[in-house]
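Please open the structure in a viewer and keep a selection tool at hand. The tour below proceeds from one selection to the next and states what is found at each stop.

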Amino acid sequence: MRIWPVASGVAWRTLKVVFTNPSLFFPSLIFPLFFFTAFAGGLSQVARVPGFDFEPGYTAFQFCFVLIQSAAFGGVFTGFGIARDFEYGFARRLLLAAPNRTGIVLGYAIAALARWAVTATVLTIVALVAGMNVFGGPVDVFGMFALALLINIAGLLWASGVAMRFRTIQAGPVMQMPVFLTLFFAPVYVPLGLLDGWIEALATLNPVTYVLEAARSMLAGDEVHVLLAFGLAVGLIGGFAFWALRGLRSAEAAG
Amino acid sequence: MAAQDNSIAVEGLVREFKKGPRAVDGIDLRVEPGEIYGFLGPNGAGKSTTVLMLTTLLPPTSGTARVGGYDVVKEGPKVRSVIGAALQEAALDPMLTGRDHLRLQSTMQGIARAERKERSNELLERVGLSEAADRRVGGYSGGMKRRLDLALALVHRPRLLFLDEPTTGLDPQSRTALWDEVGRLAREDGVTVFLTTQYLEEADVLADRVGIIDHGRIVAEGTPSSLKAEIGLPSVHANPVEEGDRGRLASVLAAFGEPLGDGSRDVVVRLREGLAGLPAVVRAVDDAGLTLASLEIQAPSLDDVFLAKTGRSLEGAGEGEADAAEPAA
């Protein structure tokens with residue numbers, strides 16, 4: 001059974017609902033811009049702290065974090081939509097109309113990507129207008145966005161696995177909280193080298209730290225941890241894809 | 001060949017829910033190609049659970065079911081490609097228009113892009129939603145949602161159609177229109193229809209054969225006329241003017257046939273000699289000095305069949321049982 005007709009149908013419907021309903025679309029656009037403005041603008045003096053050695057500057061330093069954050073939460077927001085579909089019964093139509101149900105997960109993933117692409121575009125334009133320095137070449141910049149894209153898919157797969165197990169929008173905190181904590185236990189405001197104590201220990205163990213450092217290094221044109229970061233991102237996708245497909249089977253079994 | 005088989009074959013189908021009774025308790029049934037099969041029963045009898053299993057939305061606990069020649073457990077994708085279904089609660093997105101729903105459904109079913117628009121327009125017209133097609137479904141009435149649901153079920157020209165209480169909540173005009181359409185699909189297009197209902201009239205008018213389900217078991221099956229013939233004899237329903245005469249009336253009427261408790265205030269007796277026994281009933285009531293507020297003769301209905309098979313009337317029989325036996329929507 002072909003997977004593409006199902007995936008394209010689900011993606012089209014999800015995007016149509018999101019882009020024609022400001023209340024669904026704007027939060028995922030506004031929050032990253034708010035975080036970027038607040039962090040890059042309000043905390044810009046952090047760049048003067050001894051040991052802060054990120055050459056493109058604090059705006060670029062924060063841009064990378066907000067880009068990764070928006071990618072992860074873009075996936076989570078789409079997960080909210082999946083939970084809503086189950087809670088209000090629409091998922092039953094999808095399960096019934098889809099000869100190949102794996103296409104449903106793929107369709108949601110495509111929608112999450114497209115949705116995040118809009119957010120990432122706006123965020124990048126705002127950052128460039130705000131004077132962000134980009135020292136990396138086209139390949140570096142492409143790599144940074146590709147890494148964020150993988151995080152977006154991982155976020156979506158995580159959230160869809162939760163959504164299909166709980167099948168209620170009340171599972172929102174379960175989708176959101178682990179992502180929030182993992183992101184903020186990475187070096188958000190200063191480089192890893194400036195962290196100290198328990199937060200440094202936690203950040204060193206946190207895979208997002210290496211994703212974030214790789215993204216920043218690509219923007220700076222001075223790559224570190226790039227292979228490790230892509231490996232971690234692909235690993236997260238593999239693990240969460242398994243999690244999401246098991247969630248789909250759980251939803252099928254529950255009827 | 002399985003690919004051309006429009007039948008439904010069920011053997012020993014069971015569905016159990018955690019902390020609940022067996023919603024479906026070992027049913028066997030067969031629906032022939034092109035047949036309209038009415039699945040009749042009160043709320044909570046197991047009708048919807050059966051439909052969910054036959055449409056691959058719920059795995060059976062045990063037993064087998066083949067739909068369109070395919071096993072619902074092992075060949076779910078193939079089953080879904082040959083069936084259409086309109087479930088009890090129309091699963092529609094209030095933020096999409098009717099036309100959007102048709103586009104989604106036809107895309108997911110792999111209908112060629114060039115054909116989608118034409119097919120959508122054809123179905124919208126057939127269910128009388130052409131004018132409302134570009135309005136959001138959130139503003140549709142219950143009847144409009146039902147009709148859209150039916151159109152969605154037909155998008156890919158299914159060989160088998162499952163309709164779960166399709167006319168519940170519809171006005172009489174919409175109900176008749178839907179009956180006409182279902183009848184046309186079976187007659188002209190050869191679609192096999194599996195229809196659940198709690199309306200006796202609907203099963204009587206529409207179904208070629210009826211299965212009556214109660215507490216997860218099929219208690220009777222056959223054509224509506226054969227089931228009624230099984231019960232056979234008409235019943236007399238009498239109501240005394242004086243409430244205190246009820247016992248005496250019951251004993252007088254008991255001489256003319258089998259007493260039936262139909263759950264109403266009437267004294268009911270199935271006439272052993274059919275309508276021929278009616279004059280004797282009237283004379284006996286008169287001789288006993290009883291005055292009646294009402295006296296009615298009723299030919300057997302499907303409700304009488306249900307009553308005879310379960311000891312209860314279908315009307316209201318399932319009140320309060322729905323939550324226990326039906327899966328959460």
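Begin with the largest nonpolar core, which has 119 residues; Ile8(B), Phe162(B) and Phe194(B) touch the most other members. A nonpolar core is a set of buried Ala, Val, Leu, Ile, Met, Phe, Trp, Tyr and Cys residues joined through side-chain atoms within 4.5 Å. Buried means under 20% relative accessible area, exposed over 50%, and partly exposed in between (1.4 Å probe, protein chains only). Next, select helix H3 (residues 58–87) of chain A, which gives the most to this core, with 18 residues. Helices (H or I, at least four residues) and strands (E, at least two) are DSSP runs, numbered from the N terminus.

This is a predicted model, in which local features need pLDDT of at least 70 and side-chain atom pairs count only at pLDDT 80 or more, while totals for chains, interfaces and linings use all residues. Residues are numbered from 1 along each chain as its sequence is written, chains are lettered from A and ligands numbered from 1 in the order in which they are written, and side-chain values use heavy atoms, with hydrogens and water left out.

Now centre the view on Ile8(B). Which residues is Ile8(B) in contact with, leaving aside its neighbours within four places in sequence? They are Leu29(B), Arg30(B), Val31(B), Leu54(B), Arg66(B), Val67(B), Leu160(B), Phe162(B) and Phe194(B), where contact means heavy atoms within 4.5 Å. Apart from the largest core lies another, of 33 residues, including Ala86(B), Leu124(B), Met144(B) and Leu152(B).

Remain in chain B and select helix H1 (residues 47–54). Eight of its eight residues are buried, so the helix is largely enclosed by the rest of the structure. The buried residues of H1(B) are Lys47(B), Ser48(B), Thr49(B), Thr50(B), Val51(B), Leu52(B), Met53(B) and Leu54(B). Thr56(B), which follows H1(B), has a positive phi, near 70°.

Widen the selection to the whole of chain B, whose secondary structure comes to 12 helices and 14 strands. Its C-alpha atoms fill a box of roughly 80 × 45 × 40 Å along the principal axes. Of the 329 residues of chain B, 54% count as buried. The accessible surface of the chain comes to about 14200 Å², with 49% belonging to carbon and sulfur atoms; such areas come from the Shrake-Rupley method with a 1.4 Å probe, and for residues only the protein chains shown count as cover.

Turn next to chain A, which has 10 helices and zero strands. The radius of gyration of chain A is 19 Å, close to the 18 Å that the globule rule gives for 255 residues, so chain A is as compact as a globular protein of that length. This radius is taken over C-alpha atoms, and the rule is 2.2 Å times the number of residues to the power 0.38. The C-alpha trace of chain A spans about 60 × 35 × 30 Å along its principal axes, and 55% of its 255 residues count as buried. Chain A exposes about 10500 Å², of which carbon and sulfur atoms supply 71%.

For the final stop, select Leu113(A), which lies in helix H5 (residues 102–129) of chain A. Is Leu113(A) buried or partly exposed? Leu113(A) is partly exposed, with a relative accessible area of 24%. Neighbours within four places in sequence aside, Leu113(A) is in contact with Leu149(A), Asn152(A) and Ile153(A). The C-alpha atoms of Leu113(A) and Thr78(A) are separated by 9.5 Å, although the two residues are 35 residues apart along the chain.
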